[in-house]
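Visitor: Could you walk me through this one? I'd like to start with a single residue and work outwards.
Guide: Gladly; here it is.

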Amino acid sequence: MVSYSNHKDDVLKRLRRIEGQVRGLQRMVEEDTYCIDVLTQVSATTRALQSFALQMLDEHMDTCVRTAVAEGGEEGDLKLKEARDAIARLVRS
């Protein structure tokens, strides 16, 4: 079971809002919107994706990682490494 399965509809709704922001960017370019206005929307979309990623990471740590570490063994070590790698990717992006 994945960490977000209990509120999958909320997760999908959030992703649809982000998708709408990206479609809005496409529309802005098609309509030759002023560059700074497009960049402002890019910034808002980027923040929305970053916020979503942090939420997913938080849930992963609270469920998948916590469970694996409590059970111990190789699976716990693997989940911790996955989490560290995910955090590193988020920091670099």
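Guide: Let us begin with Val42, which counts as partly exposed because its relative accessibility is 33%, a value that falls between the 20% and 50% cut-offs. Please keep in mind throughout that this is a predicted model.

Visitor: Where does Val42 lie?
Guide: Val42 lies in helix H2, and together with Tyr34, Ile36 and Leu39 it forms a nonpolar patch on the surface, the four having about 400 Å² of accessible area together.

Visitor: And Ile36, buried or exposed, or something in between?
Guide: Ile36, which is also found in helix H2, is partly exposed, with a relative accessible area of 46%. As for its distance from another part of the chain, the C-alpha atoms of Ile36 and Gln21 are separated by 16 Å, the two residues being 15 apart along the chain.

Visitor: How many residues does H2 have?
Guide: Helix H2 has 37 residues, running from 35 to 71, and it reaches 52 Å from its first C-alpha to its last, which is close to the 54 Å expected at 1.5 Å a residue.

Visitor: Where does H2 bend?
Guide: The bend is at Met61, where H2 turns by about 35 degrees. Just after H2, Gly72 takes a positive phi of about 75 degrees.

Visitor: Which residues of H2 are buried, and what covers them?
Guide: The buried residues of H2 are Val38, Thr45, Ala48, Phe52, Ala53, Leu57, Glu59, His60, Val65 and Ala68, and their cover includes helix H1 (8-30) and helix H3 (73-92).

Visitor: Let's pick a residue in H3, then. What about Lys79, buried or exposed?
Guide: Lys79, whose place is in helix H3, counts as buried because its relative accessibility is 19%, and the cut-off for buried is under 20%. Leaving aside residues up to four places away in sequence, Lys79 touches His60, Cys64, Val65 and Ala68; among the buried residues of H2 are His60, Val65 and Ala68.

Visitor: Which side chain meets Lys79 in a salt bridge?
Guide: The side chain of Glu82 meets that of Lys79 in a salt bridge, at 3.7 Å from N to O. Both residues lie in helix H3, 3 residues apart, which is about one turn of the helix, and Glu82 is partly exposed, with a relative accessible area of 35%. There is also a network of salt bridges that links Glu75, Lys79 and Glu82.

Visitor: How many salt bridges are found in the whole structure?
Guide: A search of the whole structure finds 5. One of the others to look at in H3 is between the side chains of Lys81 and Asp85, which meet at 2.8 Å, N to O; these residues are separated by about one helical turn because they are 4 residues apart in helix H3. Lys81 counts as partly exposed at 43% relative accessibility, and Asp85 also counts as partly exposed, at 31%.

Visitor: Back to H2 for a moment: what do the side chains of Asp62 and Arg66 do?
Guide: They meet in a salt bridge, at 3.4 Å from N to O, and since Asp62 and Arg66 are 4 residues apart in helix H2, about one helical turn separates them.

Visitor: How do Asp62 and Arg66 sit with respect to the surface, exposed or buried?
Guide: Arg66 is exposed, with a relative accessible area of 54%, whereas Asp62 is partly exposed, with a relative accessible area of 40%.

How values were computed: Residues are numbered from 1 along each chain as its sequence is written. This is a predicted model: local features need pLDDT of at least 70, side-chain atom pairs count only at pLDDT 80 or more; totals for chains, interfaces and linings use all residues. Side-chain values use heavy atoms; hydrogens and water are left out. Helices (H or I, at least four residues) and strands (E, at least two) are DSSP runs, numbered from the N terminus. The expected span of a helix is 1.5 Å times one less than its number of residues. The bend at a residue is the angle between axes fitted to the seven residues ending there and the seven starting there. Buried means under 20% relative accessible area, exposed over 50%, partly exposed in between (1.4 Å probe, protein chains only). Contact means heavy atoms within 4.5 Å. Patches are made of residues with over 30% relative accessible area and no salt bridge: like charges are joined within 9 Å, nonpolar side chains (Val, Leu, Ile, Met, Phe, Trp, Tyr) within 5 Å. Accessible areas come from the Shrake-Rupley method with a 1.4 Å probe; for residues, only the protein chains shown count as cover.
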